[in-house]
Amino acid sequence: MRVRKKQRLLLLLTDLCAVWKVNAGDCAMEDSIEVILQDHAKVFLTTSSHPMVSACTGAVLTGLYGVWSLFVLPGFRKVPWKLKVPYLPSSKDQTLNVMKLLDGRTGRLAELGSGDGRLVFAASSAGFQCTGFEINSILLTYARSKACWTGVPSSQATFVKKDFWKTDLSSYNNVTAFLSPGVMGVLGEKLLKELPDDAHVIACRFPFPDWPQQSAVGSGLDQTFAYDISSVRSHLKKMPDTVCV
């Protein structure tokens, strides 16, 4: 009986990991994890004949959901549901790919949803003046603390608790984003309205719909895409029924 309980718990952890990998950029991740926890909780509680086992199982499930919530939920209430994106850190390869696409570029860089700050730190070390936009208080505090510990000056890297959807990005000539496929179209409209013609935009994993890519690096989950705003505007003007700002 104990072996079966351990097997079920292992299956739960495996399912949760799968959700993080497959639905990493999906706005429905919160619902997916909740469904998994609820389903497994029902299986554990209905098949367990010992009250102590049931109590321990409930505590484990609650703990898993609590830890996940700490990193995903803070700040979510401030953002409209259709624009919510769960936190998922960039991989090492993905960060390297972004830096390759930024090669030869200079100026101000905005990281939309900076998370723990890894992309901001990488870009700041390459000479960019970076601003990381993040509404998750826990991740924001971590990034700011790391900047302080490592001695990164605020002139090179700063982290702000602002909703980038409500922020004018016209002062940035470089933008990086690792969001979800469901919001890329809306983000594209915002960037076309606000960014200067010489702006360079990099999207991690999920490309902008209808935007011509200047270049791309990597493959699979680590693939990143680069766009030249001037070229995108010229391309969209030639498309029928397309309004380009």
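**Entry 1: the core**

I started with the largest nonpolar core, which has 48 residues; Leu112, Leu187, Val201, Phe208 and Trp211 touch the most other members. A reminder to myself: this is a predicted model.

I picked Phe208 from that group and looked up its contacts. Leaving out neighbours within four places in sequence, phenylalanine 208 is in contact with Met184, Leu187, Gly188, Leu191, Val201, Ala203 and Tyr227. Leu187 and Val201 turn up again here, having already appeared among the core residues that touch the most other members.

**Entry 2: the whole chain**

Time to step back. I find eight helices and seven strands in the protein chain. The chain has 245 residues, and 44% of them count as buried. I also checked the contacts between residues at least 6 apart in sequence: 65% of these join residues at least 24 apart.

**Entry 3: the sheet**

In what order do the seven strands lie in the open sheet? I read it as 3-2-1-4-5-7-6, with mixed pairing. Strand 3 (157-160) and strand 6 are the edge strands, each pairing on one side only. On average, neighbouring strands of this sheet are turned by 20 degrees against each other, direction ignored.

Next I went through some of the pairs:

- Strand 1 (residues 108-112) runs parallel to strand 4, and four bridges join them. Here I see glutamate 111 opposite threonine 176 of strand 4.
- Strand 4 and strand 5 (residues 200-204) are parallel too, again with four bridges. Alanine 177 faces alanine 203 in strand 5.
- Strand 5 and strand 7 run antiparallel, joined by five bridges. Histidine 200 sits opposite aspartate 228 in strand 7.

I followed the chain from strand 4 through helix 7 (residues 184-194) to strand 5, and the three make a right-handed β-α-β unit.

**Entry 4: strand 4 and the loop after it**

Are the residues on the two faces of strand 4 (residues 174-177) buried or exposed? Asn174 and Thr176 on one side are buried, and so are Val175 and Ala177 on the other, which leaves both faces covered.

Moving on, I found phenylalanine 178 in the loop between strand 4 and helix 7. Its relative accessible area is 9%, so Phe178 counts as buried, the cut-off being under 20%. What does Phe178 touch, not counting residues up to four places away in sequence? My list has Leu88, Pro89, Ser90, Gln94, Leu112, Cys204, Arg205 and Phe206. I checked one of these partners for distance: arginine 205 is 27 residues from phenylalanine 178 in sequence, and the two are 7.0 Å apart in space, C-alpha to C-alpha.

**Entry 5: helix 4**

Gln94 from that contact list led me to helix 4 (residues 92-101), where the buried residues are Gln94, Thr95, Asn97, Val98 and Leu101. Looking down the axis of helix 4, I see these residues fall within an arc of 160 degrees, so they line one face of the helix. The general rule helps me here: an α-helix has 3.6 residues a turn, so residues three or four places apart point the same way.

Which exposed residues does the face turned away from the buried side of helix 4 carry? They are Lys92 and Lys100.

Last, I looked up what covers the buried residues of helix 4: the cover includes helix 5 (118-125), strand 4, strand 5, strand 6 (215-217) and strand 7 (224-228). Helix 4 lies across strands 4, 5, 6 and 7, and runs at about 25 degrees to strand 7.

Technical notes. Residues are numbered from 1 along each chain as its sequence is written. This is a predicted model: local features need pLDDT of at least 70, side-chain atom pairs count only at pLDDT 80 or more; totals for chains, interfaces and linings use all residues. Side-chain values use heavy atoms; hydrogens and water are left out. Buried means under 20% relative accessible area, exposed over 50%, partly exposed in between (1.4 Å probe, protein chains only). Two strands pair if DSSP finds at least two bridges between them. A crossover is right-handed if, with the strands pointing away from the viewer, the path from the first strand over the helix to the second runs clockwise. A nonpolar core is a set of buried Ala, Val, Leu, Ile, Met, Phe, Trp, Tyr and Cys residues joined through side-chain atoms within 4.5 Å. Contact means heavy atoms within 4.5 Å. The arc is that of the directions from the helix axis to the C-beta atoms. Axes are lines fitted to C-alpha atoms, for helices over the stretch in contact, and angles run from 0 to 180 degrees between N-to-C directions.
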